[in-house]
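I opened my notebook to look up how charged side chains pair up here. Let me put the structure on the page before I start.

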Amino acid sequence: MTPGAVAERATHIAAVRVDTAADVVAVRSALVAVREITAWATAQQAGLVAKLSTLESFPEASIASATKGSLGDAAKTKARADTLAATPNLAGSLEDGAITSGHVDALTRASKQLDGDQREELFERVDALVGVAAASSVEQFTKRVKLEVTRMQSDGGEDRLERQRRSTRLRSWTDDEGMYCISGRF
């Protein structure tokens with residue numbers, strides 16, 4: 001999205017806010033414009049953070065200072081920027097306003113469960129799923145990313161079988177009425 005397109009959306013938002021006769025369709029379109037501007041701004045922020053990361057060894061301090069946020073928020077912003085740097089199609093989709101920062105954050109969270117090679121593979125897989133991200137909510141996309149992680153971690157079911165074996169339990173006892181009770185999980 002170009003800065004001109006951002007300005008057009010901002011003008012539309014302002015016009016709908018002051019229009020006392022605005023209908024539901026107009027308000028919804030203004031909300032979509034807000035989402036698109038927010039996504040564009042998030043993409044710009046990620047680009048600036050990536051640039052700052054090449055200039056400073058600990059950019060989180062500068063990010064926190066500039067945004068008046070905490071170091072934790074700055075670390076999350078840097079992690080988002082790193083994810084976008086590894087997924088150019090997703091970054092382009094964010095800049096166009098087709099997805100939100102929530103979509104990127106879902107991928108970032110999921111990638112932390114994986115080691116380096118698996119993380120790169122996940123980024124490649126998800127970067128090819130930009131259309132899925134654009135058509136889905138953050139919650140739906142989170143489920144899809146988790147599914148991709150599960151597929152990558154799958155080892156023919158041996159891991160699942162081992163988890164099931166560890167979860168096997170059998171208890172027996174006699175209750176207050178003298179009845180034998182058995183509880184099991186197999």
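My notes on the salt bridges follow.

Entry one. I'm working from a predicted model, so I keep that in mind throughout. I searched the whole structure for salt bridges and got 10.

Entry two. I looked up Asp-105 and found Arg-80 as a salt-bridge partner, with the closest N and O atoms 2.8 Å apart. The two sit in distant parts of the chain, 25 residues apart: Asp-105 belongs to helix H6 (residues 101-111) and Arg-80 to helix H4 (residues 71-86). Buried or exposed, I wondered, are Asp-105 and Arg-80? Both are buried.

Entry three. Next I checked Glu-148, whose side chain meets that of Arg-125 in a salt bridge at 3.1 Å, N to O. This pair also links distant parts of the chain, with Glu-148 in helix H9 (residues 138-153), Arg-125 in helix H7 (residues 116-127) and their positions 23 residues apart. I noted that Glu-148 counts as buried because its relative accessible area is 5%, under the 20% cut-off. Arg-125 comes out at 28%, so I put it down as partly exposed.

Entry four. Then I turned to a pair within one helix: Lys-143 and Glu-139 are both in H9, 4 residues apart, or about one turn. Their closest N and O atoms are 4.0 Å apart, and they form a salt bridge. Lys-143 has 56% relative accessibility, so it counts as exposed. Glu-139 is exposed too, with a relative accessible area of 56%.

Entry five. Which residues are joined into one network by salt bridges that share partners? I listed Glu-121, Arg-125, Arg-144, Glu-148 and Arg-151.

Definitions and conventions:
Residues are numbered from 1 along each chain as its sequence is written. This is a predicted model: local features need pLDDT of at least 70, side-chain atom pairs count only at pLDDT 80 or more; totals for chains, interfaces and linings use all residues. Side-chain values use heavy atoms; hydrogens and water are left out. Buried means under 20% relative accessible area, exposed over 50%, partly exposed in between (1.4 Å probe, protein chains only).
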